[in-house]
Amino acid sequence: MATSTASSENRSDWVMEISIGLGILILGVGAWLFNTYAKPQASNRPVPIWLGISKVMAQMTDGRMLSVKVNLQLKNKDDQSILEPHATALKAVVEQVAADMNEDEITGPDAMVNLGEAIESGVNDYLREQRLKTRIKHVMFDEMVLMP
């Protein structure tokens, strides 16, 4: 009788090992199938398009210097190729807007918001003067340094 119990214990151990192995195999195949055939949903969000304006140094109304580097978010993909030839003029617009500021406007709590809105408005005004549609959506600052 001792041999029959030992043999049934070996058989149950063997069946349990096979069951565990099959379970792991099934989980592995399921994970592989999921990763291979499950396609992620395409994002319907538009990708923002940016036009970089090189660094501008402007002397403000109070005599201090302001260094600004901005990126302009464009409304459409095609706007970048249309605005590239105007990059020098856009840089001049950013410089003029910064030159019209004073220290109080630059150091206040809403300084970047106000300067960003002024740049956006100035650039869009320039584009209207050039008989182009307004194409600037937002202004993002890479750098804004008020120098002594």
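Okay, quick definition before we start: helices (H or I, at least four residues) and strands (E, at least two) are DSSP runs, numbered from the N terminus. This one is a predicted model, where local features need pLDDT of at least 70, side-chain atom pairs count only at pLDDT 80 or more, and totals for chains, interfaces and linings use all residues. Residues are numbered from 1 along each chain as its sequence is written, and side-chain values use heavy atoms, with hydrogens and water left out.

So, the core. The largest nonpolar core (buried Ala, Val, Leu, Ile, Met, Phe, Trp, Tyr and Cys joined through side-chain atoms within 4.5 Å; buried is under 20% relative accessible area, exposed over 50%, partly exposed in between, 1.4 Å probe, protein chains only) has 28 residues, and V70, L72, L115, I119 and V123 touch the most other members. Two or more residues each come from β1, β2, α3 (87-99), α5 (111-129) and β3 (136-147). The top contributor is α3, with six.

On to salt bridges, meaning a side-chain nitrogen of Lys or Arg within 4 Å of a carboxyl oxygen of Asp or Glu. How many are there in the whole structure? A full search gives five. One of them joins E103 and R64, at 2.7 Å, N to O. E103 sits in helix α4 (residues 103-107) and R64 in the loop between β1 and β2, so the pair ties together parts 39 residues apart in sequence. Then there's D142 with K69, at 3.7 Å, N to O. Here D142 is in strand β3 and K69 in strand β2, so this pair links parts 73 residues apart in sequence.

Last stop, D62: that's in the loop between β1 (49-59) and β2 (65-74), and at 35% relative accessibility it counts as partly exposed.
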